[in-house]
Amino acid sequence: MTTEKINESKGKKEDKKRKRKWSYILAILLLLLLLLLLLLHSCGNQHPCPNPPPSSSVPSSSAPSLDDTGSAESGSGSTPSRQEILSRLQKQEVTVTDRVSAQASFSSGAKGSAGTWEVENPASNTVIMQCEITLNGEVVAKSEPIYPGQHIDGLTLSQPVSSGNYSVTAAIKYYNKATKAYLGMADYKIRLSVS
């Protein structure tokens with residue numbers, strides 16, 4: 001009877017070993033499958049070559065051709081020093097002082113109506129200013145150019161505006177005094193009052 005028990009326990013041990021062996025094989029297969037999926041996924045994300053080689057030596061009518069009429073200079077370009085770059089930037093820097101009234105008022109909302117709004121371009125500025133008042137994305141009034149040392153007291157409506165009080169955007173555009181080239185702009189929120 002002891003041999004039967006020994007054989008029975010040997011059989012159980014072999015069954016456990018087989019089950020353990022199959023679980024290891026299954027785990028390895030799952031790991032390999034996972035690695036294969038990751039590899040396929042990464043290959044699927046590859047982008048095609050942006051410039052594939054031509055399929056024939058005859059140029060296609062839709063393919064751009066090289067315009068070889070340029071006049072590039074030989075050698076490498078000169079790199080300015082840090083001090084030269086800072087000097088250039090300081091020359092281009094423009095400091096502007098604005099004096100803008102917080103409210104524009106019109107006694108009528110009809111197109112062509114004159115209203116009051118004060119904007120000053122101090123004499124210390126080196127730019128020409130031009131102002132626009134925008135209501136709901138539409139310019140409703142625009143000033144004449146204001147040179148350094150000048151100011152305006154009012155504007156004329158270029159579009160009809162209904163009576164009421166509005167929060168509007170006043171855009172002050174800056175232009176180079178010598179070349180009249182556009183330099184930039186600043187936006188202000190002001191009140192627009194139309195009687």
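These legends accompany close-up views of a predicted model.

**View 1. A patch of positive charge gathers on the surface.** Start with the lysines and the arginine: Lys 10, Lys 13, Lys 16, Lys 17 and Arg 20 come together here on the surface as a patch of positive charge. To find your bearings, look for Lys 10, which sits in helix H1, spanning residues 2-44.

**View 2. Nonpolar side chains form a patch on the surface.** Nine names are worth picking out in this view: Trp 22, Ile 25, Ile 28, Leu 29, Leu 31, Leu 32, Leu 34, Leu 35 and Leu 38. Together these residues offer about 930 Å² of accessible area. Trp 22 belongs to helix H1. Is Trp 22 buried or exposed? Trp 22 counts as exposed because its relative accessible area is 58%, and the cut-off for exposed is over 50%.

**View 3. Strands S2 and S8 pair in the parallel sense.** Here you can follow strand S2 (residues 103-106) alongside strand S8 (residues 182-194), with four bridges between them. One pair to look for is Ala 104 and its bridge partner in S8, Leu 192.

**View 4. Strands S7 and S8 run antiparallel.** Strand S7 covers residues 164-176, and twelve bridges join S7 to S8. A handy landmark is Tyr 174, which stands opposite Gly 184 in S8. As you trace either strand, keep a general point in mind: side chains in a regular strand alternate between the two faces of the sheet.

**View 5. Lys 180 takes a positive phi in the hairpin of S7 and S8.** Five residues lie between the two strands of this hairpin, and Lys 180 is found in that loop between S7 and S8. What is the phi of Lys 180? The value is near 65°, positive even though the residue is other than glycine. Lys 180 is partly exposed, because its relative accessibility is 46% and that class lies between the 20% and 50% cut-offs.

**View 6. Asn 136 has a positive phi in the loop between S4 and S5.** Where should you look for Asn 136? Find the loop that lies between strand S4 (127-135) and strand S5 (138-142). Asn 136 is not a glycine, yet its phi is positive, at about 55°. Asn 136 counts as exposed, because its relative accessibility is 75%, and exposed means over 50%.

Terms used: Residues numbered from 1 in each chain as written. Predicted model: local features only at pLDDT ≥ 70, side-chain atom pairs only at ≥ 80, totals over all residues. Heavy atoms only, no water. Patch = residues over 30% accessible without salt bridge, like charges linked within 9 Å, V, L, I, M, F, W, Y side chains within 5 Å. Areas by Shrake-Rupley, 256 points an atom, 1.4 Å probe, with all protein chains shown as cover. Salt bridge = Lys/Arg side-chain N within 4 Å of Asp/Glu carboxyl O. Lys, Arg positive; Asp, Glu negative; His and termini not counted. Charge placed at Lys NZ, Arg CZ, Asp CG, Glu CD. Buried < 20%, exposed > 50% of the residue type's maximum accessible area, 1.4 Å probe, protein only. Pairing = 2+ DSSP bridges.
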